[in-house]
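Take a look at the fold shown here. This report walks through it, from one pair of rings out to the whole chain.

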Amino acid sequence: SLTGPALPNPSSRVSRFEADARGAVEYLQAEFPDELHGVDIGFQTVPSGLGESDLPLLYSVDRAARTIIMFRMPIQRSRGLHVNDDEHRRYFVEHCVYRAVCEYLGREPWELLPGRFDHY
């Protein structure tokens, strides 16, 4: 490793997850500034059992506290990708962020981002 043992690995699972998820969060916050103003979207390693969610192993939504928590380990260890490569793993992380935000806002993905899912 060029970084040496004292520096964190820039391509570690944690940093890769945070970069991918943060990119999706920033995009959605830019697209929906009024709806997501003051909503804290954070990351946690494993589910805590707090909040509510349609997919409690992947994320937690707490409307009263205005928070969305994404669970890194279950998302990264999910199976079922039709192609298991970096690009599709990134797509799945982004998909989980979209699902969590849609659930928080009470909207469907095609309502949130019109035209984005037309090819399905």
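Rings of Phe, Tyr and Trp (its six-membered ring) count as a pair if their centres lie within 6.5 Å; planes over 60 degrees apart make the pair edge-to-face. Keep in mind that this is a predicted model.

**The aromatic pair**

How many aromatic pairs does this rule give? The count comes to 1 aromatic pair. The partners are Phe17 and Phe43. Their centres are 5.6 Å apart, and their planes stand at 80 degrees. That makes the pair edge-to-face, because 80 degrees is over the cut-off of 60. Phe17 belongs to helix 1 and Phe43 to strand 1, so the pair ties together parts that are 26 residues apart in sequence.

Are the two residues buried or exposed? Here the cut-offs help: buried means under 20% relative accessible area, exposed means over 50%, and partly exposed lies in between. Phe17 has 2%, so it is buried. Phe43 has 23%, so it is partly exposed.

**The overall plan**

The protein has 4 helices and 3 strands. Starting at the N terminus, the order of elements is α-β-β-β-α-α-α. The C-alpha trace spans about 45 × 35 × 25 Å along its principal axes. What radius of gyration does the protein have? The value is 15 Å. A compact globule of 120 residues would come near 14 Å, so the two agree.

Buried residues make up 30% of the 120 residues. About 7,800 Å² of the protein is exposed, and carbon and sulfur atoms supply 52% of that area. Now take the contacts with a separation of 6 or more. Of these, 60% link residues 24 or more positions apart.

**The sheet**

Strands of a sheet pair through backbone hydrogen bonds, either parallel or antiparallel. In this protein, 3 strands form an open sheet with mixed pairing, in the order 1-3-2. Strand 1 (40-44) and strand 2 (59-62) stand at the edges. Each has a single partner strand, so one side of each is left without a neighbour in the sheet. Neighbouring strands are turned by 15 degrees against each other on average, direction ignored.

The table sets out the two pairings.

| Strands | Direction | Bridges | One pair of opposite residues |
|---|---|---|---|
| Strand 1 and strand 3 | parallel | 5 bridges | Ile41 and Ile68 |
| Strand 2 and strand 3 | antiparallel | 4 bridges | Asp62 and Thr67 |

Strand 3 covers residues 67-71. How many of its 5 residues are buried? The count is 4 of the 5, so strand 3 is largely enclosed by the rest of the structure.

Strand 2 and strand 3 form a hairpin with 4 residues between the strands. In this hairpin, Arg66 takes a positive phi near 55 degrees.

**A glycine in a loop**

Where is Gly38? This residue sits in the loop between helix 1 and strand 1. Gly38 has 48% relative accessibility, so it counts as partly exposed. Gly38 and Thr67 are 29 residues apart in sequence, yet their C-alpha atoms are 8.8 Å apart in space.

**Helices across the sheet**

Which strands does helix 1 lie across? Helix 1 (residues 13-31) lies across strand 1 and strand 3. Its direction is at about 170 degrees to strand 1. Helix 3 lies across strand 1, strand 2 and strand 3. Helix 3 runs at about 20 degrees to strand 2.

One residue of helix 3 (residues 86-105) is His88. Its relative accessibility is 17%, so His88 counts as buried. What does His88 touch? Leaving aside neighbours within four places in sequence, His88 is in contact with Leu81, His82 and Val83.

Definitions and conventions. Residues are numbered from 1 along each chain as its sequence is written. This is a predicted model: local features need pLDDT of at least 70, side-chain atom pairs count only at pLDDT 80 or more; totals for chains, interfaces and linings use all residues. Side-chain values use heavy atoms; hydrogens and water are left out. Helices (H or I, at least four residues) and strands (E, at least two) are DSSP runs, numbered from the N terminus. Buried means under 20% relative accessible area, exposed over 50%, partly exposed in between (1.4 Å probe, protein chains only). Contact means heavy atoms within 4.5 Å. Two strands pair if DSSP finds at least two bridges between them. Axes are lines fitted to C-alpha atoms, for helices over the stretch in contact, and angles run from 0 to 180 degrees between N-to-C directions. Rings of Phe, Tyr and Trp (its six-membered ring) pair if their centres lie within 6.5 Å; planes under 30 degrees apart count as stacked, over 60 as edge-to-face and the rest as tilted. The radius of gyration is taken over C-alpha atoms; the globule rule is 2.2 Å times the number of residues to the power 0.38. Accessible areas come from the Shrake-Rupley method with a 1.4 Å probe; for residues, only the protein chains shown count as cover.
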